[in-house]
Amino acid sequence: MVGVSVGLIPLASVHMSMNLMPKHRAFSFEVISAMGNFQQLENAAINITPSVNEAVNFNASLYVTAKEPDLIDGVAYNMSNSQIREHSHVESQKLLIIVTPTYNHLFQAYYLHRLSQTLKLVSPPLLWIVVEMTSQSEETADILRSSGIMYRHLTCKTNITNPGHRSILQRNIVMAHIETHRLDGIVYFADDDNIYSVELFQRMREIRRFGTWTVARLSGDRSRIVLQGPICNGNRVIGWHTNESNGKSKRFHAEMSGFAFNSTILWDPKKWHRPTLESIRQLDSVKDSLRVSTLIEQLVEDESQMEGLMDNCSRIMVWHIDLESSYSSYPQKWIVKNNLDAIFQLPLV
């Protein structure tokens, strides 16, 4: 099994801060044991090719059997890169790298719990990378630790003035992480507020370079279901579903949750004959409606390099249904400290 199973002992948490501006950089991190002891290391050297010009904080919690943790570039994970490759070979299946940006909001725990229950049903190997802004929340860390899924918990320290750029920065942090550690698998951006079929994750392993499928979502007035994604002849993409009045406004009409791709495109451009060696990142300098398309344009040249999934792209395996609430926060650690307002006295027997 690749996922963390019940009964494993929490040994350590590792916190590392580093600035991605120079190629060779110094950083400090703490290794904190489950017993409360810690050792702080200063000015340790790390070799990374920078991919984003921002200061970030990578955090990971380690859950392994009772032995010394393995270290990757001074950071402990619940499974090392070499162990991931080994398990992928043993399972004879491609590693799925599921990327989930998240933030503090009322439905966060509900969404993450729901997604974790779906991912637990997917056969290994699967790595769930969850990224938050500023710092790791205790609530999210608890969900990840109890999920039984192999995970990495990252945080992005970038100050943002536009909340709409939050998920862009988070996805870019994860792509930088995949590029740095040369993780080999299929990358999928699974937002926590979507509903997913387990079969979708299994079918992703068929992807050679770039796979795409149709996503269903509620219309703006919530009166009907609209489709966004490819029209296929077999596994060949021949067109796109679109609800835009001007269908030529963007090159590819796909949802962020409507495609997945081979991770080696991020760190092995020569293998895929990419025209540029620049790192692939989502752009925040373009219109909202173009952000998915401009990312895909960095991954493929045209539809001939795409693979349509799910039976001629006719089956819907992802649904996006917005939940709304007038509340913006939730009780700390999801624990209600006060008694309920309504009191009902039980009858005497």
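Helix α2 covers residues 108–120, and in this predicted model its length comes out as expected: at 1.5 Å a residue, the 13 residues should span 18 Å, and the end C-alpha atoms are indeed 18 Å apart. A good part of the helix is tucked away from solvent, with Gln108, Ala109, Tyr111, Leu112, Leu115, Ser116, Thr118 and Leu119 buried. The cover over these buried residues of α2 comes from several elements, including the strands β7 (96–101), β8 (126–133) and β11 (194–196). Helices α3 (138–147) and α5 (198–204) are also among the elements that cover them.

Strand β8 leads on to β9, residues 151–156, where six of six residues are buried. In a regular strand, side chains alternate between the two faces of the sheet. In β9 both faces are covered: Tyr151, His153 and Thr155 are buried on one side, and Arg152, Leu154 and Cys156 are buried on the other. Strands β8 and β9 run parallel and are joined by six bridges. One pairing to look for is glutamate 132, whose bridge partner in β9 is threonine 155. To get from β8 to β9 the chain passes through α3, and this β-α-β crossover is right-handed.

A second piece of sheet architecture involves β11, one of the elements that cover α2. Here five strands make an open sheet with mixed pairing, in the order β11-β18-β13-β14-β15. Strands β11 and β15 sit at the edges, each pairing on one side only. From one strand to the next, the twist averages 20°. At the β11 edge, the partner is β18 (residues 318–320), and the two strands pair in the antiparallel sense over three bridges. Within that pairing, tyrosine 196 stands opposite valine 318 of β18.

Now to the charged side chains. Side chains of opposite charge can pair when their charged atoms come close. The count for this model comes to 10 salt bridges. One of them links glutamate 255 to arginine 217, with 2.8 Å between the closest N and O atoms. Glutamate 255 belongs to the loop between β15 (236–241) and β16 (259–262), whereas arginine 217 is in strand β13 (residues 215–218), so this pair ties together parts that are 38 residues apart in sequence. Glutamate 255 counts as buried because its relative accessibility is 16%, under the 20% cut-off. Arginine 217, at 25% relative accessibility, counts as partly exposed.

Another salt bridge joins arginine 291 and aspartate 288, with the closest N and O atoms 3.0 Å apart. The two partners sit in contrasting surroundings: arginine 291 is buried at 9% relative accessibility, while aspartate 288 is exposed with a relative accessible area of 60%. There is also a network, in which salt bridges with shared partners join Glu199, Arg203, Glu206, Asp311 and Arg315. Within this group, arginine 203 forms a salt bridge with glutamate 206, the closest N and O atoms being 3.0 Å apart. Arginine 203 has a relative accessible area of 17% and is therefore buried.

Two loop residues round out the picture. Methionine 256 is in the loop between β15 and β16, and that loop also holds glutamate 255. With a relative accessible area of 7%, methionine 256 is buried. Leaving out residues up to four places away in sequence, methionine 256 touches Arg171, Phe189, Gln282, Val292 and Leu295. Isoleucine 296 is 40 residues away from methionine 256 in sequence, yet their C-alpha atoms are 9.4 Å apart in space.

Glycine 185 is found in the loop between α4 (166–181) and β10 (186–189). This glycine counts as buried too, at 5% relative accessibility. Setting aside neighbours within four places in sequence, glycine 185 is in contact with Leu95, Ile97, Phe261, Asn262 and Ser263. Arginine 208 lies 23 residues from glycine 185 along the chain, and 10.0 Å separates the C-alpha atoms of the two.

Methods: Residues are numbered from 1 along each chain as its sequence is written. This is a predicted model: local features need pLDDT of at least 70, side-chain atom pairs count only at pLDDT 80 or more; totals for chains, interfaces and linings use all residues. Side-chain values use heavy atoms; hydrogens and water are left out. Helices (H or I, at least four residues) and strands (E, at least two) are DSSP runs, numbered from the N terminus. The expected span of a helix is 1.5 Å times one less than its number of residues. Buried means under 20% relative accessible area, exposed over 50%, partly exposed in between (1.4 Å probe, protein chains only). Contact means heavy atoms within 4.5 Å. Two strands pair if DSSP finds at least two bridges between them. A crossover is right-handed if, with the strands pointing away from the viewer, the path from the first strand over the helix to the second runs clockwise. A salt bridge is a side-chain nitrogen of Lys or Arg within 4 Å of a carboxyl oxygen of Asp or Glu. Axes are lines fitted to C-alpha atoms, for helices over the stretch in contact, and angles run from 0 to 180 degrees between N-to-C directions.
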